[in-house]
Amino acid sequence: ELSSSLVFAADNITISGEDKDNCIVKLASQLRAKDNITSLTLKNLTTDVPTGLGYTEHTFAWIHYLKNFSMIDCKSNGRIRLNVHNAVIDNCEFNVTTNSGFDGYAIFYYGPTNSNVKVSNSSFNTVGKAIVLYNEGNPVLNLDVDNCTFISTDSSTDKAAIQMHTECGISGTVDITNSTATGFANINNGLWNELNNNTKVPTENFDITVDGVNVH
């Protein structure tokens, strides 16, 4: 178990397990760096992330203030928040058993301007939500999703697999290839939805491409 508000001092850190089904890393609150230059890699393990954390700077965050983050061949039980400059998530499995607030999302992408998150070859098993892009400011966020499967067990959801909540002004790009969504809202094949989440009015802040076709 990693202690609450664990702060990394080294520039490059790798935490690797021997068996992702039996090597479980329990997180009390967040993993972060002081200076935005640290690179962190998680490989071949399961992360167990708590729910119900308060939405404050030092309790809600998980992957926080890192320059680079990689999550390879891992499982995640619970939501991860990405406040990083660059993230690569490949061959991972996300399992979320609640639809409550931000805890209901497998990935909560909250990054600085011109940050980039790439998610590939991964599966999402959730309850009506999967990925959300959000920020209280107006940074430019870039998300690539390739060869991913999104499955929701809540057929009454009003969310697509990838939500862009733009009420505070975020913008950027979303590129989706070879991915499917089942059980999500009947919006854009269940894959994506961009709107002001306060008013539920669609917006035009993101350039969205699906399988090579610009759709928004």
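This report walks through the strands, sheet pairing, cysteines and aromatic rings of a predicted model.

## The overall picture

Let's start with the whole chain. The protein has 23 strands and zero helices. Of its 216 residues, 49% count as buried. On the surface side, about 9200 Å² is exposed, with carbon and sulfur atoms supplying 46% of that area.

Contacts reach a long way along the sequence here. Among those in the protein with a separation of 6 or more, 73% are between residues 24 or more positions apart.

## Strand β9 and its partners

Strand β9 covers residues 80-90 and pairs in the parallel sense with β7 (residues 63-72), over eight bridges. One of the residue pairs to look at is M71, whose bridge partner in β9 is I89.

I89 turns up again with β12, where its bridge partner is V119. The pairing of β9 with β12 (residues 115-120) is parallel as well, and runs over five bridges. Then there's β11 (residues 107-109), which runs parallel to β9 and is joined to it by three bridges. If you want a residue to click on there, R81 stands opposite F108 in β11.

## The seven-stranded sheet

Another part of the model is an open sheet of seven strands, ordered β3-β6-β8-β10-β13-β16-β19 and paired in parallel. Its edge strands are β3 (24-26) and β19 (180-182), each of which pairs on one side only. Ignoring direction, neighbouring strands of this sheet are turned by 10 degrees against each other on average.

Inside that order, β10 (residues 93-95) and β13 (residues 123-126) pair in the parallel sense over three bridges. F94 has F124 in β13 as its bridge partner, and F124 comes back below among the rings.

## Cysteines

How many disulfides does the structure hold? The count is zero. C74 is in no disulfide, and the nearest cysteine sulfur, that of C92, sits 5.0 Å away. With the cut-off for a disulfide at 2.5 Å between sulfur atoms, that separation of 5.0 Å leaves C74 unbonded to C92.

Is C74 buried or exposed? Its relative accessible area is 0%, so C74 is buried. C168, by contrast, counts as partly exposed because its relative accessibility is 32%.

## Aromatic rings

Searching the whole structure turns up six aromatic pairs. In one of them, the rings of F102 and Y134 have centres 5.7 Å apart and planes at 40 degrees, so this pair is tilted. It links distant parts of the chain: F102 is in the loop between β10 and β11, while Y134 is in the loop between β14 (131-133) and β15 (140-146), 32 residues apart. F102 is partly exposed, at a relative accessible area of 24%, whereas Y134 counts as buried at 12% relative accessibility.

The pair of F124 and F150 is stacked, at 4.6 Å centre to centre with 20 degrees between the planes. F124 lies in β13 and F150 in β16 (residues 149-152), so their pair ties together parts that are 26 residues apart in sequence. F124 is buried at 0% relative accessibility, and F150 is buried with a relative accessible area of 0%.

Finally, there's a ring cluster: ring pairs link F102, F108, Y110 and Y134. F108 is also the β11 residue that stands opposite R81, which makes it a handy place to jump from the rings back to the strands.

Notes
Residues are numbered from 1 along each chain as its sequence is written. This is a predicted model: local features need pLDDT of at least 70, side-chain atom pairs count only at pLDDT 80 or more; totals for chains, interfaces and linings use all residues. Side-chain values use heavy atoms; hydrogens and water are left out. Helices (H or I, at least four residues) and strands (E, at least two) are DSSP runs, numbered from the N terminus. Buried means under 20% relative accessible area, exposed over 50%, partly exposed in between (1.4 Å probe, protein chains only). Contact means heavy atoms within 4.5 Å. Accessible areas come from the Shrake-Rupley method with a 1.4 Å probe; for residues, only the protein chains shown count as cover. Two strands pair if DSSP finds at least two bridges between them. Axes are lines fitted to C-alpha atoms, for helices over the stretch in contact, and angles run from 0 to 180 degrees between N-to-C directions. Rings of Phe, Tyr and Trp (its six-membered ring) pair if their centres lie within 6.5 Å; planes under 30 degrees apart count as stacked, over 60 as edge-to-face and the rest as tilted.
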